[in-house]
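Please look over the sequence and the structure below before reading on. The paragraphs after them go through a few parts step by step.

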Amino acid sequence: MEPSLKNTTISPPPLLPTTRSLDVWFSTNLGRVTSLFALHTPLKRVTYRSKPWWSELLSMLRKAYNSAVCSSKRDRFDAALLASPRAARSTYFKAMKKAKRNHWSFFLASATPKTVWTAKRFAVGRPLPRFPELPGASTPPELNKALLDHFFSGEPAEFTDIILLPFRECLPLAAEEVSRALALCSPWSAPGADAIPNSVWKRVHSVAPHLIHDFLAPLVVSRSHPLTLKRADGIVLDKPDKPLYDSLSSFRVIALLQTFSKVLERIMHSRLSCVARATGLLNPHQCGSVAGLSASDAVTTLTHEVKTLQMAGRQVCTLFLDIKGGFDNVNPTTLCGMLRAKGVNPYLVSGTKSFLSGRSCRLLYQGSPKVFAPVSVGTHQGSPGSLLLFVIYVSRLHCEIPQCLTLS
């Protein structure tokens with residue numbers, strides 16, 4: 001593919017782009033590149049019956065077994081021919097059992113921290129998927145509507161085709177920003193409906209660095225998130241250790257976005273995070289979803305404060321609070337209003353609004369109708385930009401209490 005990628009060029013964007021024309025331009029050019037992937041990518045398994053432990057020897061033994069069976073059927077009174085299929089069958093199945101055992105031993109011997117869970121799944125087996133059974137939702141369409149109303153409440157917003165004029169404050173996209181965003185993308189994260197993992201885009205960038213930059217530069221300047229990248233697959237997962245699975249609260253939805261969308265989201269995330277601290281959008285004690293601080297820092301700080309007060313003879317009490325369904329109830333209008341009130345650059349506010357509006361999701365579960373439904377409220381879990389937007393959205397819930405340490 002390398003010669004084809006190096007010779008591939010992106011057509012120039014519309015001179016006066018609108019929401020619809022920019023989406024058509026992006027979809028057309030992205031389709032040209034993804035068609036190369038489909039053309040040059042070999043199938044991992046030739047058929048659904050292919051086995052990794054199969055060999056040419058097993059093919060020969062199976063052929064000999066079938067020939068012996070056919071010969072014995074032609075002459076049913078020859079004792080030697082009747083014994084031949086039994087011997088061929090025994091040899092064939094013993095060789096197959098040995099090949100499986102050797103392949104399994106080699107797989108365990110070469111297991112890594114990332115593949116050990118695959119070995120566990122092979123040994124234990126996958127648990128049967130729980131099909132949500134809800135009162136009043138007996139058919140798949142009724143169940144799909146109940147799940148959508150619960151996790152993605154709100155009326156769908158109408159699509160408006162507007163002219164995207166550039167902002168003076170918007171800096172052009174630099175090549176270093178694309179490289180930095182790709183470096184942060186995990187090659188093992190689950191891809192979306194396009195089935196293209198991050199490792200492919202990293203390889204494309206190393207071969208033809210101009211491609212991804214030419215894709216994203218017009219989107220960053222116009223603050224537009226294409227509709228093509230706003231479609232997600234919502235995987236319905238059951239929460240573990242629930243006594244009953246007859247209510248919607250026993251399940252959660254994880255959105256699988258296209259990996260190319262995550263590159264654009266990380267670029268906008270890095271730009272917004274630079275001004276989030278300076279403008280007071282984040283709580284001063286926020287220890288997650290921001291660069292340089294994680295949940296480990298919050299645990300270390302809490303442990304240190306508790307031990308310090310206990311050594312001074314003080315009594316210490318800790319209160320933990322959790323926001324249920326927080327990601328699913330982020331209102332884009334309220335969030336953009338908070339950004340404007342803090343004086344965030346208008347192009348970042350416009351880009352955030354474009355990212356959150358006009359989204360659609362199709363729920364995937366046993367018996368799902370697999371139809372896309374509009375989503376007007378919430379940020380997708382699994383999106384790089386959703387974490388920062390969520391902590392900005394809930395920053396006003398934190399209050400300073402005297403003689404207390406508040407961590408977020």
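What follows deals with the nonpolar cores, then one helix, then the cysteines.

This is a predicted model. Its largest nonpolar core has 57 residues. Those with the most contacts inside this core are Phe26, Trp201, Leu216, Phe260 and Ile392. Several helices feed it: α2, α7, α8, α9, α10, α12 (332–341), α13 and α14 each supply at least two residues. A second, separate core of 17 residues includes Leu134, Leu148, Leu248 and Cys361. Back in the largest core, Ile392 can be taken as an example. Leaving aside residues up to four places away in sequence, Ile392 touches Leu272, Leu281, Leu282, Leu335, Met338 and Leu339.

Helix α10 covers residues 259–276. With 18 residues at 1.5 Å a residue, α10 should span 26 Å, and because its end C-alpha atoms are 25 Å apart, the expected and modelled lengths agree. Among the buried residues of α10 are Phe260, Val263, Leu264, Ile267, Met268 and Leu272. Polar or charged names also appear in that buried set, including Lys262, Glu265 and Arg271. The cover over the buried residues of α10 includes α2 (19–40), α7 (175–184), α8 (198–207), α9 (209–222), α13 (346–356) and α14 (384–393).

The structure holds zero disulfides. Why does cysteine 185 form no such bond? The closest cysteine sulfur, in cysteine 274, lies 17 Å from the sulfur of cysteine 185, so the two are too far apart for a bond. Cysteine 185 counts as buried because its relative accessibility is 3%. Cysteine 336 is buried too, with a relative accessible area of 3%.

Terms used: Residues numbered from 1 in each chain as written. Predicted model: local features only at pLDDT ≥ 70, side-chain atom pairs only at ≥ 80, totals over all residues. Heavy atoms only, no water. Helix = DSSP H or I, 4+ residues; strand = E, 2+ residues; numbered from the N terminus. Expected span 1.5 Å × (residues − 1). Buried < 20%, exposed > 50% of the residue type's maximum accessible area, 1.4 Å probe, protein only. Contact = heavy atoms within 4.5 Å. Disulfide = S-S within 2.5 Å. Core = buried A, V, L, I, M, F, W, Y, C linked by side-chain atoms within 4.5 Å.
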